[in-house]
Amino acid sequence: MPQSTSAPNPDQVTDLVTPVVVRVAVTIGLLSAICAEPTPVSQLAIGLGIDESVLRRLVRFLAVRGILGVDANGVVSSTALGRRIGDRTGPYAARLDWSGAAGRMDRSFVEDCLAALLGRQRRPDPWAVFDDDPVLSGSFDTLMSARAAEWADELVDDPLWGRLGSIADLGGGRGHLLYRLLRVWPHLNGVLVERPGPARAAQEEAERLGLTTRAKVVTADLRGPLPTGYDAYVLAHVLHDWNDEGAAVILRRAAEACRPGGRVVVVERELTDDQASSAAGLDATAQDLRLFVLFGGGERTHDDLRALAESVGLSLERRRRLTSGRSLLVFARAPLDGPSRSER
């Protein structure tokens, strides 16, 4: 397995303080508050409702790490790094919110990592905590929508969708993929299948976008019977939330629901050893451990995903690697004649 050519300082890979403090700074609004213009510490303290001496300590910590700057007069300004992290419309806002779903999962990871890796953790239904808390459920959906910005647009441009008439988006959140597809491909109709909380949000989003005549929203457990007869059943960043047994059940349900000649479309990261020292490898291996500790799932290799699909009677028809580090895998219900095709 390739290793990184640069040897990090031990503090860089053992420090727990920095990631926690950055999340706190995002959550209280410190970084977003200084994104627009430099602001004196005293004024920030009043606006944020924080004791000024405490805020000075926090500002000093973040300044040393290059996340913000502070001059001799106590005026705080944002660095390029701080603006990326603190932008409320950017990809990090939902991911670093200590008060929302991301923060809940971060704390669970810290608390449960050792027990999970030693096999001592008894996991409840991974989605029960979100179903019981509407606020947390909404925060999780916002997080998933934000992360979809990393891969959804490139996926929507694939010519696959032009050959389909209808799609079922399984576990599609509030519609971050399905509604993009329907707007780009006006001939398509679809159904989104989700848990109660995100299903309500998806219905509201469909109404807001004027897509209710082309998009249905169905509340269902992906491990149970699914709406039948669609051309393709899409599982985008769903299987990695489940262990092999649960993922196989979901794939089997999708295959059973497909119309004759239909497809099951899977979008996932594919773990590879040659990613070990890359930015993509850092993200993929971190997500792999997080998913295992939090949900009992994890990222899989291409061979893992293919074997999982074949175990329920699906055959790989097409594979496309996306520039976002994900892969688009198209599976057919019946065995194909000849070898699988690989595009791009």
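How many aromatic pairs does the structure hold? The structure holds 1 aromatic pair, shown in the second view below. This is a predicted model, in which local features need pLDDT of at least 70 and side-chain atom pairs count only at pLDDT 80 or more, while totals for chains, interfaces and linings use all residues. Residues are numbered from 1 along each chain as its sequence is written, and side-chain values use heavy atoms, with hydrogens and water left out.

**View 1. Overall dimensions of the protein.** The C-alpha atoms fill a box of roughly 70 × 50 × 40 Å, taken along the principal axes. Buried residues (under 20% relative accessible area, against over 50% for exposed and in between for partly exposed, with a 1.4 Å probe and protein chains only) make up 47% of the 344 residues.

**View 2. The aromatic pair of Tyr230 and Tyr233**. The two rings meet edge-to-face, 6.1 Å centre to centre and with 85° between the planes; rings of Phe, Tyr and Trp (its six-membered ring) pair if their centres lie within 6.5 Å, with planes under 30 degrees apart counted as stacked, over 60 as edge-to-face and the rest as tilted. Tyr230 is buried, with a relative accessible area of 13%, and Tyr233 is also buried, at 0%.

**View 3. Arginine charges over aromatic rings.** The charged end of Arg65 sits over the ring of Phe61, 3.6 Å from its centre, and that of Arg107 sits over the ring of Trp98, 5.1 Å from its centre. The criterion is NZ of Lys or CZ of Arg within 6 Å of the ring centre and within 35 degrees of the ring normal.
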